[in-house]
Amino acid sequence: MKLKLDIDPDIVAMMAAEVAAGERAVTAAMREAGTGLKSAWRLQITGAGLGRRLATSIRSQNFPRSGESLDAAALVWSKAPVIVGAHDAGPLIRSKNGFWLAIPLPAAGKSLRGGRITPGEWERRRGLRLRFVYRRTGPSLLVAEGRLNTKGQAVVSRSKTGRGKVTAPIFLLVPQVKLPKRLDLARDTDRALDSVPGLIVANWVGGRL
């Protein structure tokens, strides 16, 4: 017995069209999922009060960068991964040297470089020495002898009589700090992944209508 198989050109064309439709559907689905996840992460960050600047650190990229593919993918990441990761994980922060974390109080003022001022910078700028005060029932302190200006910050006292001179708490000293978990990025990631099959079907069917 001799069998002969003839492939109808119309079937070949139909198969090619179906593959092309699949490539368009998968690519569109991954683009939608990636864009949606980026928006969800940004919304979480601003909703947690972490600011628009940190929110816009969330970026996305589609692959392939051009064209369509059944292997299309989307990458969503942050340009500030350490900061975003810390708020997502809620880590326990300890001093690098194993001693104390110095948390500035209102009397310390702000750093000229942005962010929190350090004890070393504070002493250089104010011309005052900090004194360690140990407390058994609460955080220990770094205090300074001076006066409080109109902003409530400790400065050198020029009074010869000692009028207005106070012992001002400048820094709280704690061995460690537990950063509160303010983000749940995995929640939105799981939702984006779960949405992919439906998005593929919707784009595949929609492309035929």
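A residue counts as buried when its relative accessible area is under 20%. The views below show a predicted model, and in its protein chain of 209 residues, 31% count as buried.

**View 1. The whole protein chain, with 5 helices and 9 strands.** From the N terminus on, the elements follow the order α-α-β-β-α-β-β-α-β-β-β-β-β-α. The protein chain exposes about 14,300 Å², and carbon and sulfur atoms supply 58% of that area. Among contacts between residues at least 6 apart in sequence, 61% join residues at least 24 apart.

**View 2. The largest nonpolar core, made of 14 residues.** Trp41, Ile45, Leu50, Leu54, Val84 and Leu183 have the most contacts inside this core. Three helices each give two or more residues to the core: α1 (9-47), α2 (52-55) and α5 (185-206). The largest share, 3 residues, comes from α1. A second, separate core has 13 residues, including Ala107, Ala108, Trp122 and Ala168.

**View 3. The surroundings of Leu183, a residue of the largest core.** Residues up to four places away in sequence are not counted here. Beyond them, Leu183 touches Gln44, Ile45, Ala48 and Leu50. Leu183 also touches Val84, His87 and Asp88.

**View 4. Helix α3 (residues 81-89), with a buried face.** Val84, Ala86 and His87 are the buried residues of α3. Seen down the axis of α3, these residues fall within an arc of 160 degrees, so they line one face of the helix. Pro81, Val82 and Ala89 lie on the other side of α3 and are exposed. Just after the helix, Gly90 takes a positive phi of about 65 degrees.

**View 5. Helix α4 (residues 119-126) and what covers it.** Glu121, Trp122 and Arg126 are buried in α4. Their directions, seen down the helix axis, fall within an arc of 115 degrees, so the buried residues line one face of α4. The cover over these residues includes β6 (140-148), β7 (154-155) and β8 (166-174). One of the buried residues, Trp122, also belongs to the second nonpolar core. Just after α4 comes Gly127, which takes a positive phi of about 70 degrees.

**View 6. Ser111, in the loop between β4 and α4.** Ser111 has a relative accessible area of 11%. The cut-off for buried is under 20%, so Ser111 counts as buried. The side chains of Ser111 and Glu121 are joined by a polar contact of 2.9 Å. Glu121 is itself one of the buried residues of α4. Leaving aside neighbours within four places in sequence, Ser111 is in contact with Arg116, Ile117, Glu121 and Arg125.

**View 7. The aromatic pair of Trp100 and Phe132.** The count for the model comes to 1 aromatic pair. The two rings lie 6.0 Å apart, centre to centre. Their planes stand at 45 degrees to each other, and the pair is classed as tilted. Trp100 sits in the loop between β3 (92-94) and β4 (101-104), while Phe132 is in strand β5 (residues 131-133). The pair links distant parts of the chain, as its two residues are 32 residues apart. Trp100 is partly exposed, at 35% relative accessibility. Phe132 is also partly exposed, with a relative accessible area of 42%.

Terms used. Residues numbered from 1 in each chain as written. Predicted model: local features only at pLDDT ≥ 70, side-chain atom pairs only at ≥ 80, totals over all residues. Heavy atoms only, no water. Core = buried A, V, L, I, M, F, W, Y, C linked by side-chain atoms within 4.5 Å. Buried < 20%, exposed > 50% of the residue type's maximum accessible area, 1.4 Å probe, protein only. Helix = DSSP H or I, 4+ residues; strand = E, 2+ residues; numbered from the N terminus. Contact = heavy atoms within 4.5 Å. Arc of directions from axis to C-beta. Phe/Tyr/Trp six-rings, centres within 6.5 Å; stacked < 30°, edge-to-face > 60°. Areas by Shrake-Rupley, 256 points an atom, 1.4 Å probe, with all protein chains shown as cover. Polar contact = N/O pair within 3.5 Å; in protein donor to acceptor, adjacent residues only side chain to side chain.
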